[in-house]
Amino acid sequence: KNVSKTFQTPSGPFQVIGDFSLTAREHEFVALFGPGQCGKSTIINLIAGLETVTSGQVIVNGKTVKGPGPERGVVFQNICLFPWLTTMGNVEYGLKVAGVPKKERRARAQKYIDLVGLHGFENSFPIQLSGGMKQRVGIARSYCIEPKVLLMDEPTSALDPISTSKIEDLAAELKSQYTVVMVTHNMQQAARVSDNTAFFLLGDLVEFGRTETLFSTPTDKRTEDYITGR
């Protein structure tokens, strides 16, 4: 609600996000779409509680966000798995930090490893996995804390087309369990997987609505020009 974000730089304040409001409903898939450096990842960080808003509020499940919390899981662009931990160790790590008993966390981690299609790779180390498999480990790690909202920041940007397709298919299935907010600069990807799309340009929310409508009949000329490449 009415969120803005300004960073302090050596040359003075720099506003990354202007005053904007956006709603993602339960079990809805929302894509944050736009060119690079337009503030999309900052929005993900604000929702995750990794950054604080300059003004406005971020509200998740009826509560104002004041920092990271288990109701929000994040899949980062660069997965950064622990190289000394196996798939199982990486997926269950958050539960271990939270003090969940070993038997319970192991069972829950196995559930989500199976869900992302990595059964049989529980004892593999990251160096033994492909890029797409590492990404799925990252997704399972986020699932494992069983959040209300799953935040995905360019989850396929470093993947080959086949791995990208698999991750997109998996992401499209997620809204049956979670509310999903995904950052992408790929309009085709936004069109394929999201229910609603928000188009950002230079830190401003230009347009937000049903994905099919936004791409077929945008109401703002800036959206139309970007989509058509003008």
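Here are some short exercises on a predicted model, each with a worked solution.

**Exercise 1.** Work out how helix α4 packs against helix α5, and which residues make the contact.

*Solution.* Start with the geometry. Helix α4 covers residues 131-144 and helix α5 covers residues 161-173; their axes lie 9 Å apart, at an angle of about 20 degrees. Angles under 35 degrees count as roughly parallel, so α4 is roughly parallel to α5. As for handedness, α4 passes α5 in a right-handed crossing.

Now look at who touches whom. From α4 come Gly-132, Gln-135, Arg-136, Ile-139 and Tyr-143, and from α5 come Ser-163, Ile-167 and Leu-170. Sort these residues by class and you get 4 nonpolar, 3 polar and 1 charged.

**Exercise 2.** Do the same job for α3 and α4: find the angle, name the orientation and sort the contact residues.

*Solution.* The axes of α3 and α4 come within 9 Å, and they cross at roughly 135 degrees. Check that angle against the cut-offs: roughly antiparallel needs over 145 degrees, and roughly perpendicular runs from 65 to 115. The angle fits neither, so α3 is oblique to α4. The crossing of α3 past α4 is right-handed.

On the α3 side, the contact uses Arg-108, Ala-109, Tyr-112, Ile-113 and Leu-115, while α4 supplies Ala-140, Tyr-143 and Cys-144. By class that's 7 nonpolar, no polar and 1 charged. Keep an eye on Tyr-143: this residue belongs to the contact of α3 with α4, and Tyr-143 also turned up in the contact of α4 with α5.

**Exercise 3.** Is Arg-108 buried or exposed, and what does its side chain reach?

*Solution.* First, place the residue: Arg-108 sits in helix α3, residues 102-115. Next, check the accessibility. Its relative accessible area is 19%, and buried means under 20%, so Arg-108 counts as buried.

Then go through the neighbours. Leave aside anything within four places in sequence, and Arg-108 contacts Leu-95, Cys-144, Ile-145 and Glu-146. Zoom in on Cys-144: the Arg-108 side chain reaches the backbone oxygen of that residue at 2.9 Å. For one more distance, take Tyr-143, which is 35 residues from Arg-108 along the chain; their C-alpha atoms are separated by 9.6 Å.

**Exercise 4.** How many residues of helix α1 are buried, and what phi does Gly-49 take just after α1?

*Solution.* Helix α1 spans residues 40-48 and is mostly covered, with 7 of its 9 residues buried. Going along the helix, the buried ones are Lys-40, Thr-42, Ile-43, Ile-44, Leu-46, Ile-47 and Ala-48. Step just past the end of α1 and you meet Gly-49, with a positive phi of about 85 degrees.

**Exercise 5.** Take Gln-189 and Trp-84, and decide for each whether it is buried or exposed.

*Solution.* Gln-189 first. This residue lies in helix α6, residues 187-193. A relative accessible area of 3% makes Gln-189 buried. Skip residues up to four places away in sequence, and Gln-189 touches Thr-156, Thr-164, Glu-168, Met-182 and Thr-184.

Now Trp-84. You'll find this residue in the loop between β6 (72-75) and α2 (87-97). Its relative accessible area is 59%, and over 50% means exposed, so Trp-84 is exposed. To finish, compare sequence with space: Trp-84 and Phe-125 are 41 residues apart in sequence, yet 7.0 Å apart from C-alpha to C-alpha.

Methods:
Residues numbered from 1 in each chain as written. Predicted model: local features only at pLDDT ≥ 70, side-chain atom pairs only at ≥ 80, totals over all residues. Heavy atoms only, no water. Axes fitted to C-alpha atoms, helices over the stretch in contact; angles between N-to-C directions. Helix = DSSP H or I, 4+ residues; strand = E, 2+ residues; numbered from the N terminus. Left-handed = near helix turned anticlockwise from the far one by under 90°. Contact = heavy atoms within 4.5 Å. Nonpolar A, V, L, I, M, F, W, Y, C, P; charged D, E, K, R; others polar. Buried < 20%, exposed > 50% of the residue type's maximum accessible area, 1.4 Å probe, protein only. Polar contact = N/O pair within 3.5 Å; in protein donor to acceptor, adjacent residues only side chain to side chain.
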